[in-house]
There are 2 protein chains.
Amino acid sequence: MRRDVFQAIADPTRRAIMALIAMQAMTPNAIAEHFDTTRQAVSKHLRILTECELITQEQQGREIYYQLEIEKMKEIDKWLEQFRAIWEKRFSQLDQLIATIKKQKKA
Amino acid sequence: MRRDVFQAIADPTRRAIMALIAMQAMTPNAIAEHFDTTRQAVSKHLRILTECELITQEQQGREIYYQLEIEKMKEIDKWLEQFRAIWEKRFSQLDQLIATIKKQKKA
DNA sequence: TATATTTGAAACCAATTGGTTGCAAATATA
DNA sequence: TATATTTGCAACCAATTGGTTTCAAATATA
């Protein structure tokens, strides 16, 4: 079974769960209340997110609090870097072009 | 059919294709040569990437050159921003903590 | 013009996915 | 102790996915 961050964030419900618990940890029941699906469906999403270490859990009595593992998100950021390098390069090239045009106008 | 950037980048072959054509446009045949799968499988990936506007094509005779639409990548970057805000906040809090400890050491 | 090359599209297939229902385990409460 | 709550897990199901084979269209070349 393939289990990585990219596959995890492919599902819109999972992205919504991530955004929901980003600021504060929540229990599965509390999370499920925010969605139209059943608790079990949310539970499966939480399992997938846990498997790829995007969230961690903390047991408190019979309740389990899930929280976002923000460090893991940097993996996506790191992958994006190679492309960010390209668009920043293009931007600076555009910048130079504008500078050249301005120079020509002055002359 | 759900067709968005997040679903598109979920597949490792598609991510590899994106990285491959990021610097220069390539034909489906040329792209397929870099992978173990058939040309048709690559073609299907190209279709999916095209449908969510992550790549664009340019016909040259009977060849079609595919290139990465780097602007579309910013959509992922934009989504990441909400989480980046969190980790930068945590970093600055850590920064403050270190500063406080240093202060205490001096005193 | 006949043939080869490049490509997309359709039909099909096995594996995976997101979802459901039902159940058992653990913890809290009466 | 008996009951209620919170939760994960297994079994099952329809839809989607990534892949294959086959075919047709368009363009280049002999």
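**Chain architecture and DNA-facing surfaces in a predicted model**

The secondary-structure elements of chain A follow the order α-α-α-α-β-β-α from the N terminus, a total of five helices and two strands. The model is predicted. The radius of gyration of chain A is 21 Å, whereas a compact globule of 107 residues would have one near 13 Å. Along the principal axes, the C-alpha atoms of chain A occupy a box of roughly 75 × 30 × 25 Å. Of the 107 residues in chain A, 37% are buried.

The surroundings of DNA strand C were examined next. This strand is surrounded by 24 residues, of which Gln7(A), Thr38(A), Lys44(A), His45(A) and Tyr66(B) are the closest. Among the atoms of DNA strand C that come within 4 Å of the protein, 64% belong to sugar and phosphate. Polar contacts from chain A reach both the backbone and the bases of this strand: a polar side-chain atom of Arg14(A) is placed 2.9 Å from a phosphate oxygen, while an N or O atom in the side chain of Gln40(A) is 3.2 Å from a base oxygen. A base oxygen of DNA strand C is likewise found 3.1 Å from a side-chain N or O atom of Arg62(A). Two or more residues of the surface near DNA strand C are contributed by each of H4 of chain A and, from chain B, helix H3 (28–32), H4 and strand E2 (63–68). H4(A) provides the largest share, five residues. Classified by residue type, the surface near DNA strand C comprises six nonpolar, 10 polar and eight charged residues.

For DNA strand D, the surrounding residues also number 24, and those that come nearest are Tyr66(A), Gln7(B), Thr38(B), Lys44(B) and His45(B). Sugar and phosphate make up 62% of the atoms of DNA strand D that come within 4 Å of the protein. In chain A, Asn29(A) places a side-chain N or O atom 2.8 Å from a phosphate oxygen of this strand, and a polar side-chain atom of Arg39(A) lies 3.1 Å from a base oxygen. From chain B, the side chain of Gln40(B) has an N or O atom 3.0 Å from a base oxygen of DNA strand D. The elements that each supply at least two residues to the surface near DNA strand D are helix H3 (28–32), helix H4 (39–51) and strand E2 (63–68) of chain A, together with helix H4 (39–51) of chain B. The greatest contribution, five residues, is made by H4(B). This surface is divided by class into six nonpolar, 10 polar and eight charged residues.

The largest pocket has a volume of about 240 Å³. Its lining is formed by Thr27(A), Pro28(A), Asn29(A), Arg39(A), Ser43(A), Lys44(A), Leu46(A), Arg47(A), Arg62(A), Glu63(A), Ile64(A) and Tyr66(A). At least two lining residues come from each of H3, H4 and E2 of chain A, and H4(A) gives the most, with five. The lining consists of four nonpolar, three polar and five charged residues. Several of these residues recur in the description of the DNA strands. Among the lining residues are Asn29(A) and Arg39(A), whose side chains approach a phosphate oxygen and a base oxygen of DNA strand D, respectively. The lining also includes Arg62(A), which has a side-chain N or O atom 3.1 Å from a base oxygen of DNA strand C. Lys44(A), a further lining residue, is one of the closest residues to DNA strand C, and Tyr66(A), also in the lining, is among those nearest to DNA strand D.

Key:
Residues numbered from 1 in each chain as written. Chains lettered and ligands numbered in written order. Predicted model: local features only at pLDDT ≥ 70, side-chain atom pairs only at ≥ 80, totals over all residues. Heavy atoms only, no water. Near = heavy atom within 4 Å. Polar contact = N/O pair within 3.5 Å; in protein donor to acceptor, adjacent residues only side chain to side chain. Helix = DSSP H or I, 4+ residues; strand = E, 2+ residues; numbered from the N terminus. Nonpolar A, V, L, I, M, F, W, Y, C, P; charged D, E, K, R; others polar. 1 Å grid on protein atoms, 1.4 Å probe; cavity = no way out; pocket = protein on both sides within 12 Å on 5 of 7 lines; lining within 4 Å. Points joined across faces, edges and corners; volume = space filled by probe spheres on them. Rg over C-alpha atoms; globule rule 2.2 N^0.38 Å. Buried < 20%, exposed > 50% of the residue type's maximum accessible area, 1.4 Å probe, protein only.
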